[in-house]
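Trainee: Got a minute to go through this one with me? I'd like to start with the strands and then pick out a couple of residues.
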Amino acid sequence: MVNVYLKSFSLGSGQYVKLADVSTVMNATIIASVKNTNPVNVRFRGGTPASWPPGAAALLEGVDLSEFEVQGASGHLLLVVGYTR
């Protein structure tokens with residue numbers, strides 16, 4: 001059985017937000033909105049953040065989404081679409 005995961009994020013609180021609240025292992029694509037005015041920060045396990053410019057996307061295979069966190073300015077958007085392995 002395949003489970004689908006679809007979650008959008010509206011950033012701007014200044015705090016990092018987890019991509020999933022509980023352990024969620026899957027293949028997922030993370031997409032920063034092309035309408036973002038600046039990059040969003042993405043970090044793994046609280047490590048050094050990577051700066052993702054507007055429109056950046058990455059396919060991650062077999063990852064636990066709860067280990068990823070994102071942060072961005074007010075009005076910045078991020079989309080996560082995935083499915084279980």
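Trainee: Which residue in β6 is the bridge partner of V25?
Mentor: That's D64. Keep in mind that we're looking at a predicted model.
Trainee: And how many bridges join β3 to β6?
Mentor: Six, with β3 covering residues 25-32 and β6 covering residues 57-64. The two strands run antiparallel.
Trainee: What about β3 and β8, how do they run?
Mentor: Antiparallel, and six bridges join them. For an example, T29 has V81 in β8 as its bridge partner.
Trainee: Staying with β8, is L78 buried or exposed?
Mentor: L78 counts as buried because its relative accessibility is 3%, and the cut-off for buried is under 20%. You'll find L78 in β8, which spans residues 77-83.
Trainee: What does L78 touch, leaving out residues up to four places away in sequence?
Mentor: Quite a list: K7, S8, F9, L19, I30, I31, A32, V40 and V70. As for E67, it is 11 residues from L78 in sequence, and their C-alpha atoms are 16 Å apart.
Trainee: New topic. Where does P49 sit?
Mentor: In the loop between β4 (40-44) and β5 (50-52). P49 counts as partly exposed, because its relative accessibility is 39% and that class lies between 20% and 50%.
Trainee: Which residues does P49 touch, again skipping those up to four places away?
Mentor: Y16, N41, V42 and R43.
Trainee: And how far is P49 from V70?
Mentor: Their C-alpha atoms are 8.5 Å apart, with their positions 21 residues apart along the chain.

Definitions and conventions. Residues are numbered from 1 along each chain as its sequence is written. This is a predicted model: local features need pLDDT of at least 70, side-chain atom pairs count only at pLDDT 80 or more; totals for chains, interfaces and linings use all residues. Side-chain values use heavy atoms; hydrogens and water are left out. Helices (H or I, at least four residues) and strands (E, at least two) are DSSP runs, numbered from the N terminus. Buried means under 20% relative accessible area, exposed over 50%, partly exposed in between (1.4 Å probe, protein chains only). Contact means heavy atoms within 4.5 Å. Two strands pair if DSSP finds at least two bridges between them.
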